[in-house]
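Trainee: Please pick one part of this structure and take me through it closely, with its surroundings. I would like to know what encloses it and what comes after it.

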Amino acid sequence: MNATSNQSDKKRRKVSSYFIRMRSLNVFFIFVLLFAVFAIFSPGHRFTSGENMRIFLSTGAEFTIVAIVVGMLMISGEFDLSVGSILVFTSYIFITLFHAGVHILLSLIITLIAGGFVGYINGIITVKARIPSFITTLGAMLLWRGVTMLLSGGLQQGLVLTENPVMYKAITGVVGKIMPAQFLWFIGITVIITLIMHFHKFGNWIFTTGDNKMAARAMGINTDRIKVVCFTVVGIAVAFAGVMQMFRSETFSARAGDGWELKAIAAAVVGGTALTGGMGTMMGVFWGALVIAIIENGLIFMRIQYWWTFTIFGVIIVSTAIISRYFDQRRTMLGAEKNV
Amino acid sequence: MSDKQADAKEGTSAEKVPLVQVPLVQVPLVRMVDIDKWFGKVNALQGINFTVNHGEIVGLVGDNGAGKSTLIKILSGFYPADRGEIYFEGKKVNISNPKLAKKLGIETVYQEQALAPHISIARNVFMGREPTRFMGFMDRGMMDRESMGAITKLGLRIKDPEAMVEALSGGQRQGVAIARVLYFKAKLVVLDEPTIALSVKESQQVLDFMQQLKAEGISVIFITHNIFHAFQVAERFFILARGEMLTDVRKEDTTIDHLIDLIVSGRREIKS
């Protein structure tokens with residue numbers, strides 16, 4: 001009898017330790033909680049209507065794709081404050097090419113390459129000139145937004161995609177009448193990045209680079225290259241999110257992506273990513289990004305003034321940081337975290 | 001002036017000392033000959049001749065700024081020497097970067113730079129050398145098994161290969177770093193101040209690890225300024241002060257008091 005009680009005790013401890021070690025579960029519960037609150041308290045439960053779910057999953061995905069790659073970059077120990085500006089700059093490249101008569105697929109490819117290149121420049125400047133990425137990308141944020149404003153004159157431009165139904169459907173269509181294609185892209189990108197971060201050796205190099213750069217270097221890991229690659233991936237993913245957003249809204253706006261840089265960092269932090277690098281999980285960032293997206297979407301249905309969003313973001317970011325600090329200490333005692 | 005000094009030393013140490021130290025039948029694992037290093041106007045190393053034999057623990061002792069780290073950084077490829085030659089297993093080598101040093105089998109364990117604290121033990125052991133199954137995806141099962149194997153071999157008891165390094169004690173961390181060089185079959189391990197921040201008990205543990213490495217046939221350079229620690233495990237002492245060698249002496253030919261006296265007074269041992 002003693003043995004069985006001991007065993008169940010052990011089992012219980014294992015379950016609770018698993019909960020703590022699996023950081024992403026904590027964030028998942030925050031998401032569920034917010035979902036429940038919005039579902040119950042939105043007037044007429046309109047939050048959970050099919051239409052809004054589609055809006056949430058499609059518009060949310062544009063941002064969450066950015067958050068996922070920003071989370072990866074933060075694990076490598078760097079920031080990117082220029083994601084919003086890269087987004088608008090590459091959007092401008094796309095719409096200019098498209099309007100100049102370049103094939104839509106080619107326009108998309110060139111846009112992704114341009115996004116990658118802008119990210120690559122951020123990375124090269126950061127590692128070669130040894131400037132903190134906070135500064136490099138702060139500069140890039142102002143620069144690319146400015147360039148886009150200059151070139152576009154700050155004007156909106158319409159995007160007509162009726163002649164390209166295939167591309168339109170592939171990027172912003174609806175699968176099975178429910179699931180927006182954007183969300184599937186988000187899931188797909190998350191799966192790929194998760195596999196790389198937690199199962200591929202390159203992911204291990206990203207973690208070690210962010211956690212202890214000197215140790216990684218001493219073991220022959222080219223930390224500069226790792227960081228440049230992460231910046232480049234951020235650029236590509238952001239360009240893709242930008243195109244996605246234009247496809248949905250059928251407009252180019254010079255204000256697109258404004259404020260996304262801090263929101264993306266907030267999503268990563270809510271998801272348990274350390275600002276110092278080396279710590280975080282992609283599942284955590286996944287739910288963290290959805291938490292930020294659901295707050296934005298849900299508050300609209302609560303009929304609360306938009307400005308409340310910022311207030312609530314603030315409260316949620318600081319409180320999750322406090323909670324995750326507490327769990328970090330517990331996690332250290334219990335061992336490494338469970339990634340997936 | 002300094003050239004003269006170096007020349008003078010060449011006459012005494014380069015020719016005589018190695019002959020006395022090393023039996024001619026055995027080629028030393030590492031022989032650094034007449035190493036000079038300048039940092040601007042500071043002569044950090046002055047004509048140093050340093051050898052390490054197979055399966056030997058050498059205590060590289062000296063106060064802060066004596067040139068211990070500089071000597072080791074030259075050996076491990078972080079700095080080039082301004083003058084001098086390095087022989088590894090009898091062959092002249094040019095160790096121009098840390099990767100080449102690793103390739104030769106020279107592994108350096110720095111206390112702060114060895115491990116990533118928020119990453120699991122298994123991942124730390126295989127950092128940069130992960131075994132993969134396909135397309136670069138890691139063989140995590142093997143990483144867990146092999147890392148635990150290496151750690152157990154060292155006489156260290158850790159249960160969970162998934163535990164974060166941050167949860168380990170200082171001695172255990174040194175153990176993980178040393179298990180890594182053991183696993184990857186280093187020929188020479190340089191331990192840079194491995195006991196500096198450790199408790200008495202943990203220091204003892206690290207000294208035991210060194211004996212274990214020796215038992216595996218691995219040579220150890222033990223850098224320390226704690227002569228008491230060095231005296232417990234090292235078979236030979238190489239003492240530096242201000243970039244000059246004070247003495248290079250076997251344990252049986254000296255006493256701890258004599259070594260302390262040398263370090264404190266900073267005077268050169270005149271070889272008889």
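**One helix and its surroundings**

Mentor: Let me set the scene with chain A, where 78% of the contacts with a separation of 6 or more join residues 24 or more positions apart; two residues are in contact if their C-beta atoms, placed from the backbone, lie within 7 Å. This is a predicted model, in which local features need pLDDT of at least 70 and side-chain atom pairs count only at pLDDT 80 or more, while totals for chains, interfaces and linings use all residues. Residues are numbered from 1 along each chain as its sequence is written, and chains are lettered from A and ligands numbered from 1 in the order in which they are written.

Chain A has 14 helices and 4 strands; helices (H or I, at least four residues) and strands (E, at least two) are DSSP runs, numbered from the N terminus. Of the 340 residues in chain A, 50% are buried. Here a residue is buried if 20 or more other C-beta atoms lie within 10 Å of its own, exposed if 12 or fewer, and partly exposed in between, with C-beta atoms placed from the backbone.

The part I would pick is α6 of chain B. Helix α6(B) has 14 residues and reaches 20 Å from its first C-alpha to its last, close to the 20 Å expected at 1.5 Å a residue; the expected span is 1.5 Å times one less than the number of residues. Because 12 of its 14 residues are buried, α6(B) is largely enclosed by the rest of the structure. Among those buried residues are Gly171(B), Val176(B), Ile178(B) and Leu182(B), but also Arg173(B) and Arg180(B).

What does the covering of the buried residues of α6(B) include? It includes β6 (106-110), α4 (121-125), α5 (140-153), β9 and α7 (200-215) of chain B.

Now look at what comes after the helix. Lys185(B) follows α6(B) and sits in the loop between α6 (170-183) and β9 (188-192) of chain B. Its phi is positive, about 55°, although Lys185(B) is not a glycine. Lys185(B) is exposed because it has 11 other C-beta atoms within 10 Å.

Two of the covering strands belong to one sheet. In chain B, 6 strands form an open sheet in the order β6-β9-β10-β3-β11-β12, with mixed pairing; two strands pair if DSSP finds at least two bridges between them. The edge strands are β6 and β12 (244-250) of chain B, each pairing on one side only. From one strand to the next, the twist averages 15°. Strand β9(B) pairs with β10 (residues 219-224) of chain B in the parallel sense over 5 bridges, and the bridge partner of Val190(B) in β10(B) is Ile221(B).

Helix α7(B), another part of the covering, lies across β3 (57-61), β9 and β10 of chain B, running at about 155° to β10(B). For such angles, axes are lines fitted to C-alpha atoms, for helices over the stretch in contact, and the angles run from 0 to 180 degrees between N-to-C directions.

For a parallel case, turn to α13 (residues 282-301) of chain A. This helix has 20 residues and reaches 29 Å from its first C-alpha to its last, close to the 28 Å expected at 1.5 Å a residue. Helix α13(A) is mostly covered, with 17 of its 20 residues buried. After α13(A) comes Arg303(A), whose phi is positive, near 55°.

Glu250(A) also has a positive phi near 55° and is not a glycine. Glu250(A) lies in the loop between α11 and β4 (251-252) of chain A, and it counts as partly exposed because it has 14 C-beta neighbours inside 10 Å.

Finally, step back to the nonpolar core, meaning a set of buried Ala, Val, Leu, Ile, Met, Phe, Trp, Tyr and Cys residues joined through C-beta atoms within 7 Å. The largest such core has 178 residues, and those with the most contacts inside it are Val66(A), Val70(A) and Phe222(B). Helix α11 (residues 223-249) of chain A gives the most to this core, with 17 residues. Leaving aside neighbours within four places in sequence, the contacts of Val70(A) include Val83(A), Val234(A) and Ile265(A).
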